[in-house]
Amino acid sequence: MTVKAILESKGHDVLTLGPNEKLSEAIRILTEHKIGALVITNGDRKIVGILSERDIVRVIAKEGAAALDIAVRSAMTPKVKICNENHTVNEVMEIMTRGRFRHLPVEKDGLLDGIISIGDVVKRRIEDVEREANEIRAYIATA
């Protein structure tokens, strides 16, 4: 199973924000859409960073309430790990586990093409295991 198959199922839509927006706006979007991360782009779908709930907690712990007025660029993670549509679910799980993060932007031709979350990966793995179990049951029933 590949990232391409996951995106075909869930879609390519990704909420993004510019690096000069305020952290308070990022928090509003995360809360409103019940998501855990925003991909930061310059408006051209070129990935310049990612902002997760963990990034926000770190900057608030350091700056207090004043953090709400700082630019997203000051809180985001600028070195973003990415994947492409040809990565397998196992490769994506390994990247996320090694990097200790839960969101992985998908890039195609140098531009943002989607995002994969650990929830997407777990859901796909469960579907695969259930399908395999059903196939084994069907095989045993016909033997």
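The questions and answers below walk through a predicted model of one protein chain.

User: How is this model numbered, and which residues and atoms count in the values?

Analyst: Residues are numbered from 1 along each chain as its sequence is written, and side-chain values use heavy atoms, with hydrogens and water left out. Because the model is predicted, local features need pLDDT of at least 70 and side-chain atom pairs count only at pLDDT 80 or more, whereas totals for chains, interfaces and linings use all residues.

User: Which pattern of helices and strands does the protein chain follow along the sequence?

Analyst: Helices (H or I, at least four residues) and strands (E, at least two) are DSSP runs, numbered from the N terminus. By that reading the protein chain has 5 helices and 5 strands, and its C-alpha atoms fill a box of roughly 70 × 30 × 25 Å along the principal axes. Read along the sequence, the pattern is α-β-α-β-β-α-α-β-β-α.

User: Where does UniProt place the feature "domain: CBS"?

Analyst: The record is an unreviewed entry, and such annotations may be inferred rather than shown by experiment, with positions given in the numbering used here and feature names shortened. In the model, the span 8–68 is 41% helix and 21% strand, while the span 76–131 is 45% helix and 23% strand. UniProt places the feature at residues 8–68 and 76–131.

User: What is the order of the strands in the open sheet of 3 strands?

Analyst: Two strands pair if DSSP finds at least two bridges between them. Strand β1 (residues 16–17) is joined to β2 by 2 bridges and runs parallel to it, whereas 5 bridges join β2 to β3 (residues 47–52) in an antiparallel arrangement. The pairing is therefore mixed, and the order is β1-β2-β3. The edge strands, each pairing on one side only, are β1 and β3.

User: Which residue in β2 does T16 stand opposite?

Analyst: Strands of a sheet pair through backbone hydrogen bonds, either parallel or antiparallel. On the β3 side of β2, L38 stands opposite L51 and T41 stands opposite I47. On the β1 side, T16 stands opposite V39.

User: Is strand β2 largely enclosed or largely open?

Analyst: Buried means under 20% relative accessible area, exposed over 50%, and partly exposed in between, using a 1.4 Å probe and protein chains only. Both faces of β2 are covered, with A37, V39 and T41 buried on one side and L38 and I40 buried on the other. Since 5 of the 5 residues of β2 (residues 37–41) are buried, the strand is largely enclosed.

User: Which residue in the turn of the hairpin formed by β2 and β3 has a positive phi of about 95 degrees?

Analyst: The hairpin of β2 and β3 has 5 residues between its strands. In the loop between these strands, R45 also has a positive phi, near 65 degrees, although R45 is not a glycine; R45 is partly exposed at 34% relative accessibility. The turn residue with a positive phi of about 95 degrees is G43.

User: Why does the salt bridge between D69 and K22 tie together parts that are 47 residues apart in sequence?

Analyst: A salt bridge is a side-chain nitrogen of Lys or Arg within 4 Å of a carboxyl oxygen of Asp or Glu, and the side chains of D69 and K22 meet in one at 3.8 Å, N to O. D69 lies in the loop between α3 (53–63) and α4 (89–99), so its pairing with K22 reaches the loop between β1 and α2.

User: How far apart are the closest N and O atoms of R98 and E94?

Analyst: R98 and E94 are 4 residues apart in helix α4, which means about one helical turn separates them. R98 is exposed at 61% relative accessibility, whereas E94 is partly exposed at 47%. The closest N and O atoms of this salt bridge are apart by 2.9 Å.

User: How many salt bridges does the structure hold?

Analyst: Side chains of opposite charge can pair when their charged atoms come close. One of these salt bridges joins R102 and E53 (3.1 Å, N to O), and R102 lies in the loop between α4 and β4 while E53 is in helix α3, so this pair links parts 49 residues apart in sequence. The structure's count of salt bridges is 11.
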